[in-house]
Structures are given as structure tokens and as C-alpha cells.
There are 2 protein chains.
Amino acid sequence: MTATTWLDLPADSPFGVHNLPYGVFTAADRPGRRRIGVRIGDRVLDAGAAARAVGSPSELLDAETLNPLMAAGRSTWREVRAALTEWLTDAAHRPAVEPCLLDLADVSLHLPFEVADYVDFYASEHHATNLGKIFRPGSEPLTPNWKHLPIGYHGRSGTIVVSGTPVTRPHGQRKAPADPAPTFGPSRRLDIEAEVAFVVGTPSTMGTPVALADFAEHVFGVCLLNDWSARDIQAWEYVPLGPFLGKSFATSLSPWVVPLEALQHARVAPPARDVEPLPYLDDRDAEPWGLDLAIEVALNGRTVSRPPFATMYWTAAQQLAHLTANGASLRTGDLYASGTVSGPEPDTRGALIELTWNGEHPLKFPDGTERTFLEDGDEVSISATAPGPGGLRVGFGEVTGKIVG
Amino acid sequence: MTATTWLDLPADSPFGVHNLPYGVFTAADRPGRRRIGVRIGDRVLDAGAAARAVGSPSELLDAETLNPLMAAGRSTWREVRAALTEWLTDAAHRPAVEPCLLDLADVSLHLPFEVADYVDFYASEHHATNLGKIFRPGSEPLTPNWKHLPIGYHGRSGTIVVSGTPVTRPHGQRKAPADPAPTFGPSRRLDIEAEVAFVVGTPSTMGTPVALADFAEHVFGVCLLNDWSARDIQAWEYVPLGPFLGKSFATSLSPWVVPLEALQHARVAPPARDVEPLPYLDDRDAEPWGLDLAIEVALNGRTVSRPPFATMYWTAAQQLAHLTANGASLRTGDLYASGTVSGPEPDTRGALIELTWNGEHPLKFPDGTERTFLEDGDEVSISATAPGPGGLRVGFGEVTGKIVG
């Protein structure tokens, strides 16, 4: 049963006390100081100030990033979440806590944590199949390894930016198959990838893999991510060592980290597996870590897709087990993303290259405009909700970005 | 003309005052405190202590990593290097500075800087050709993009370890072409890659590429790197998104960062280019950034290869220009490596997969032992020198690692 807050909040708010995502903000009263905020409705609780106001230990909540809290481990995450819930539901705390609330409209949001390593997976069977058909026509769309392991690769941490940061159209080498040689210039096939990202809190030791069952000991929370992709640059560069400049110019992250604990009601069984997983990936007898997130992708304010995260073939728990199976260690702030979320239906695909089938079928809007890939000035927003307790929804912060030419 | 040090040092030491590489050490007198050291002969100057002893500003040299010094920019790098040279050559400083010298044997060396993003290139034409022949027999060994751009990909920063750190043999999925399905277990084809790595000091702004001519404004120094590779894991996983777990278990870095300024005499013209480079990569009229490093790879104390870095097709300046051509920004601590250095001759190849031609021709040692890939207990050392002033050589710190089963 979810407690009721003393705040004046719509009963069905996706940012009620059942959610309490963490972010980092600045506000006019202390402009240079980054502070940890907790979103509640359309307000932001200055968490460090609230802790001090109620006389609670505040060191982890007084940091300028979430990293110290994330590093503190699961039992601390639970204690802090319980304390926040108490402050926002027990009316006795209202006099102390209420002055620590700011309007969401009055704060600037920043990257909520320092990103250590960034890994991007490729876990949607529908997306991988669609891209295989588009990029490698005439071959089997899925490579032979696809159903044996969650394919992934490292991306660039230093160009992960918070939602709202403008994205400069990248330049690079582009070569269509018919061109005699590559040319250098702005990408003509700038795309989005709607993804769900998992943030590691508790580090692990080099040489010791993280078992499937230990997923929730290590993963602190969940964000939305737009893995902007320059398809023309990517197509020319990616054989044999994978995507590089086609991705590394910018990756946008939602400002609110939804605690994994807030997603207990969103857990669902993943799709049936066609290939028997090797033991370290075999979750058939484990607690399921499929997540029933309903994602929405909007282009210039119009919804263009509704990707269902529950259709992902590989779960985040399997991805973490795979990522560490070779002994690679985890650091606090490691971020790994699902890969583009695409469902089976055409209007549930999470990238323009799929939605327009490589540009052959432009999206047509009621105002008569069309899109194949992104044009300068286009704005993309990705949002999501998930089932919460008692019929409530758990809201994710949007990840938005506007293309600058 | 190089000044003469007041230290008792062999005249031809590769670690004379013409070199002065930076590292980070701990020693018994202050065991918990990491300190910046400068190698001179077989001694280490406690740089922060020396600065204080001579009454010089010491903040950058009193840090626990090189990052603050690296971030300070090229004019500061020159000033600090000039000061270090003066302290070690002007006999008037001897009474103050000499007590700040420790024996190399008495210190523990650590990772000299916090690594931000790590990128690995693939810049040796001989290596790429050999691997193409081995991995993709019957196809053109070089992919069509290879001579148009320096192919690279992001690796894992969190598993970069300092020389001397034991390397645990990784487990993973392995599948030989004839196997019906992959199995999970220890890599049976554990290999090395002898590489040269470049460390970024001065950051850059997102959206603004770094021109070829600005290479030396951004790159602080040069290390040796062993990009340990599990060939069986890599072969099964790498299509279509590139190497991942076959590399991410460990990457070893030499403890000493040779300042780029110490390598002025090592600069040579790169090989003639067969394909005209696009303007952002065209260094034909620029100052050359080929580097004449003589590398030596030893397995259990026996030299198995002498890769010549001057044969690399793409230079580090071209790699940096490419890495940022899409607007990706640089952070202090970004590290990028050359890819395996292999020369044209069989005994100049920088990886066992090439030296043994995919294990078909084992290396045979005088004691009757053989090697295809690495066995538990094997120790690999990579060392290098480069031309310095007046016929001297510039030494690099070795990068070593022993395989633990």
C-alpha cells in the first residue's frame, strides 16, 4: 500500500510518492551549487536541505552528483527512499520539509551522475531484424550470435548530455554504395534511437562476474536515453569494429533516475527464448526482469511511435551478467542502454530508419510536412510510464533534444 | 642542446633529463598518499616535494593524479618541464632537490591519470591486412573504408590497469565455426596487442573538431599499452557491433607518461598514402606526426617481436582529428591507442595471432617450449625507445602483465 503525501497532488500523478526519482538541479537562490533533487508531482524536493531540516544525516544527499548515494549500496538506497517517503507523507514533517520544495519550472536540471563507462546493447529482436534487413539485404537479418548473447559495444561517456541540450548535426565521412569515394560533410541521415538505460550504483571487483540474481544489488535506477545516430556515417565506418563517430557526437539522457525499487510492479516475464541460454544467461527459473514500460516518441510534438519495452528479447539483468562474464568490473556511474526499443508493429519502432524503412516511406504529418530523417530545428521527445502500485503509473522524465545545423 | 644533470647517471641513459616522464607513485614514508613522480635514471623525483623544496608553486605537482597538470594546457606543460629540467641540472638546486629522489625499486607505481574515454584504433596496415586474411579468408583483407579513415572504436576505461597488474584469463562464449553452438569457459586463445597510447590533456568543446595542426595543444604524452585480446570470444561476438568482451576484461598501461615534447626528435614522415586523404585528414603539407618508436615485445623474458611504430599508416594527429570530426568533445584523461603495431616482416608483428598465423605456426623457444596463445603464468613485457637529442634514446616505461588462470 502506498502512503499518501501531504502535498496537493493529483491522485493519479505518475510522480507521486510511489516514484520519487532522483535528479540534480540548480536554482536561482544558490545558482552555482548543484543539488540533489527528488521529483514529486511538478515540484522538486531539495533533498539535502530537507534532510537538514528534519535533522537527518545529509552527507549523501548534500553531494553535487548522485554518485556517492549510488555507491552506498542497496540497503542505503532503501533507507534513503524510506526516509524521503516519510518526510513527504508524515504531516508532522510538513513544516520542516515544505520550504524545501521548489517548482520544477524554476530549476535547471543537469546530468544526474558522472558517467563512468557507457555500453549500448542491441536487445530488441524486432529492431535488430529490421536493421539487418535494411543494412544487409539478402543475408539472414539476425547474425548467428544474436540469440546466444546480448550484443553490445562501448560508447562515448564524455558526450552524454542531459535532456534539453541542443544536438549539433555531426559532420563525417559518408559514402553511398554507388559513390566512387566518400565525401565529408553534415550527416544527411540523422536519426534517433529510443532506449532505456540502467545506472550502476554498487561497483564490482575485477575478475568476478555479476550473477543474474545480483542485478538489483548493483543497478540503482533507470533512465530514458536517445542514442542519436548518423546512419550515413555509421554505415560507412562500422565494418569491422562497430559504430564510432556515427554515435559519439551526442547521447541524451533523461534528467530523472527512477529507482529500480519503484519499478517492482512493472516487472514482467521476458519473451519466450527460441534458443536455450547458456547457464550464466538463463533466467527461466529466476525472478523476471522484463519491464513493462510504455514508451512514446514524439517528433515536433506529434507522437510517431509507441515502443513497448516488454518485448525486449534480452533483459537488463542478462545484459549485466553478460557485461561482466569476462571478469570486467563495474564502477559507480556505469551506464548501459538497451538498444533501440522496437515492437513488432510498424508504429512501435524506436528509430526513424525503421519507421520510414530506410527513408523509403516518409512519415507524413497532418500539416502536410514529411520526414525521413531529422531536419535542423526538429525536436524529439521520448517519454515513458510503467505500472506502479494500485493502478498508478510510474513516470519517467522526458529526454528531449533539438537539432542545430 | 640538452643540459647535463648533476645526478650520477650513465651518459646514454634513456631516462636522462631529455626525457622526464611523469608517473604516480606511493612509497613507504607516506604509504597512503599517491604522489606525482618524474623518472630520472633509475630514480623517481617526488615532484611536489621538490617544488616545495625550491620554493616553487606546487599545486599541480602535489595532486594524486596527473589530471590537473594535464588539464592546465601546453604552456603550463612547458613551464613545468622547464622547471624540472632546471632543478635537475642546476647544481645550485642540488641541496634542496636531492633529498626528494627515491629509488625506483622503492616505490609502487599506479595508474598515472584517471582515464576518461578510451578509444582503440586499428592503424597498422600490416596488422589490419594480417587480421583480414585470418578472420575473413577469401575477402579483400582491408575493408573498403580502411584507407579513407582511421578505424576505431570505444573500449572500456574502467578495466585499464597499470603495468604489473595480474591479468585474469577471461571466460566467455566461444564457438569455432564447426561447433554446433557456443560453449562458455576460459578463453583458449588469449593474445596480446602491442600498442602506443596517447593521453589527452587539454579538453575541447563539443561541436568543435580538433584540427590536425592542434594535435600538440591537446595531447600531453605517450604511453605503451597492451590491449589483451581473447580471440575466441572476439571472433564469436564482434559482428556486427565490434569487439566487446574479447577486450574489456583488462587493458594494461605503462606507468610513465613520456611528454610529447620529449619526442620532437622521434618525429618522422608517415608512410606514403595510397589514397588521397580527405582535407581534415590530409597531413601531406603539415608537420609530420609519424613517430619512430622501436618497440620490443618479450614473452617470459624472450624477445618475440620488434614492431616499428614508424610504419603506422595513420598518425596520432590524424586519429585525433578523426575522433573529433563529428563534434565529439575531448576530456582531460581521454586515452586513445594506435591499435596493434605490426611491421612488414614476420618478426615485427605485435600480436600472437599474427606471429603464429592463427596458431598454425607456434613460436618455438630454445628450451623446447612452444606457444600459440598465452598460457597461465606467462608474462608479457612491452618496451620501447625513440630517438632523442644528440644521439640519445628516449625510454618508455615497460608495460608488463602476467596471466592468472
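Across the interface of domain 1 and domain 2 of chain A there is 1 salt bridge by the rule applied here, and I should say at once that we are looking at a predicted model. That salt bridge pairs A:Arg74 with A:Glu217, whose closest N and O atoms are 2.9 Å apart. Across the interface of these two domains there are also 2 residue pairs in polar contact. On the side of domain 1 that touches domain 2, the elements giving two or more residues are strand E1 (22-27), strand E2 (35-40), helix H2 (67-71), helix H3 (74-89) and strand E5 (107-110) of chain A.

Let me place the two domains for you. Domain 1 of chain A runs over 22-110 and domain 2 over 118-404, and their centres, taken over C-alpha atoms, are separated by 29 Å. To the contact, domain 1 contributes 19 residues and domain 2 contributes 18 residues. Between them the two domains bury about 1600 Å², with 67% of that area on carbon and sulfur atoms. On the domain 1 side, A:Tyr22, A:Met70 and A:Trp77 lose the most area to domain 2, and together they account for 37% of what that side buries.

I would now like to turn to an annotated site. Which residues does the UniProt annotation "binding site" cover? According to that unreviewed entry, they are A:Asp120, A:Glu193, A:Glu195 and A:Asp227. These residues span 108 residues in sequence, but no two of their C-alpha atoms are more than 10.9 Å apart, and therefore they gather at one spot.

Two of them deserve a slower look. A:Glu193 sits in the loop between strand E12 (190-191) and strand E13 (194-200) of chain A, and with a relative accessibility of 4% A:Glu193 counts as buried. If we leave aside neighbours within four places in sequence, the contacts of A:Glu193 include A:Asp120, A:His127, A:Asp227, A:Arg231 and A:Lys247. A:Glu195, for its part, lies in strand E13 of chain A and is buried, at a relative accessible area of 0%. Leaving aside neighbours within four places once more, A:Glu195 is in contact with several residues, among them A:Asp120, A:Leu225, A:Asp227 and A:Thr340.

A:His127, which I mentioned as a contact of A:Glu193, belongs to helix H5 (residues 125-135) of chain A, where A:Ala128, A:Thr129 and A:Leu131 are also among the buried residues. The cover over the buried residues of this helix includes helix H7 (231-237) and helix H9 (352-355) of chain A.

Finally, a few words on charge pairs, of which the count over all chains comes to 48 salt bridges. One of them is formed by A:Asp334 and B:Arg156, with the closest N and O atoms 2.9 Å apart. A:Asp334 lies in the loop between helix H8 (316-323) and strand E22 (335-337) of chain A, while B:Arg156 lies in the loop between strand E7 (152-155) and strand E8 (160-162) of chain B, so this pair joins two chains. Both A:Asp334 and B:Arg156 are buried.

Within chain B, B:Arg231 forms a salt bridge with B:Asp191, at 2.8 Å between the closest N and O atoms. Since B:Arg231 is in helix H7 and B:Asp191 in strand E12 of chain B, the pair ties together parts that are 40 residues apart in sequence. B:Arg231 and B:Asp191 are both buried. In chain A, salt bridges with shared partners join A:Asp191, A:Glu193, A:Asp227, A:Arg231 and A:Lys247 into one network, and that brings us back to the annotated site, which includes A:Glu193 and A:Asp227.

Note on methods: Residues numbered from 1 in each chain as written. Chains lettered and ligands numbered in written order. Predicted model: local features only at pLDDT ≥ 70, side-chain atom pairs only at ≥ 80, totals over all residues. Heavy atoms only, no water. UniProt positions renumbered as here; feature names shortened; annotations may be inferred. Helix = DSSP H or I, 4+ residues; strand = E, 2+ residues; numbered from the N terminus. Buried < 20%, exposed > 50% of the residue type's maximum accessible area, 1.4 Å probe, protein only. Contact = heavy atoms within 4.5 Å. Domains from an automatic or database assignment. Buried area = accessible area lost by both parts, 1.4 Å probe. Salt bridge = Lys/Arg side-chain N within 4 Å of Asp/Glu carboxyl O. Polar contact = N/O pair within 3.5 Å; in protein donor to acceptor, adjacent residues only side chain to side chain.
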